[in-house]
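Visitor: Hi, have you got a minute to walk me through this one?
Guide: Sure, let's pull it up.

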Amino acid sequence: MDFRLSAITLDDASVVYRSRAVEQEREIAIYDLLEANVFRPEGSPGGPYQLTLGVEESRMVFDVRLEDGSEHVRVLLSLTPLRKTVKDYFLICDNYYKAIRTAPPHQIEALDMARRTLHDEGARELQTRLEGKVETDFDTARRLFTLICVLQMRG
């Protein structure tokens, strides 16, 4: 069976702000996800799957379809448990991108380590939230967390 994502889109109505850096994060996350991922909806006989991520009423929506576009499963997750990590992640990212231009290497490295730590924390939290709904590997969860951050970014 083929338990992977073959296409990923973000619901444009859910994206409220896109800076150049945010758009680049989105593009890289989608590219990396399509290169390698594990995505297995609970009880699914197999994919590959097309995923649209969106936000509805403070919930993350994973609209999973089969390759022919037919509906497969829709997973809703409360965003509340991820909000603080998302907010902290973007604050650190903003500081990191500013530091790249002017800060000494040791400060950039410290910010990068903090950024990676928060990213990993968000990925683990997402895996926990998806338990019993969708099985993913850590790298897939990490990239999906990036996309959730893009959807949550406020200008």
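**The sheet first**

Guide: This is a predicted model. Its open sheet of 4 strands runs in the order 1-3-4-5, with mixed pairing.

Visitor: Which strands stand at the edges?
Guide: Strand 1 (5–10) and strand 5 (71–78) do; each has a single partner strand, so one side of each is left without a neighbour in the sheet. From one strand to the next, the twist averages 20 degrees.

Visitor: And in which sense do strand 3 and strand 4 pair?
Guide: Antiparallel: strand 3 (residues 49–56) and strand 4 (residues 59–66) share 8 bridges. Glu-56, for instance, has Arg-59 of strand 4 as its bridge partner.

Visitor: OK, helices now. Which strands does helix 4 lie across?
Guide: Strand 1, strand 3 and strand 4, and helix 4 runs at about 35 degrees to strand 3. Helix 4 (residues 138–152) also packs with helix 3 (residues 105–130), at an angle of about 105 degrees and with the axes 8 Å apart. That makes the two helices roughly perpendicular.

Visitor: What makes that contact?
Guide: Helix 3 brings residues including Leu-118, His-119 and Leu-126, while helix 4 brings Phe-138, Leu-144 and Phe-145, among others. By class, the contact has 8 nonpolar, 4 polar and 4 charged residues.

Visitor: Switching topic: what volume does the largest pocket have?
Guide: About 770 Å³. It has 30 lining residues, and the closest to its centre are Glu-25, Tyr-89, Phe-90, Cys-93 and Tyr-97.

Visitor: Which helix gives the largest share of the lining?
Guide: Helix 2, with 11 residues. By class, the lining has 11 nonpolar, 5 polar and 14 charged residues.

Notes. Residues numbered from 1 in each chain as written. Predicted model: local features only at pLDDT ≥ 70, side-chain atom pairs only at ≥ 80, totals over all residues. Heavy atoms only, no water. Axes fitted to C-alpha atoms, helices over the stretch in contact; angles between N-to-C directions. Parallel < 35°, antiparallel > 145°, perpendicular 65-115°, else oblique. Contact = heavy atoms within 4.5 Å. Nonpolar A, V, L, I, M, F, W, Y, C, P; charged D, E, K, R; others polar. 1 Å grid on protein atoms, 1.4 Å probe; cavity = no way out; pocket = protein on both sides within 12 Å on 5 of 7 lines; lining within 4 Å. Points joined across faces, edges and corners; volume = space filled by probe spheres on them. Pairing = 2+ DSSP bridges.
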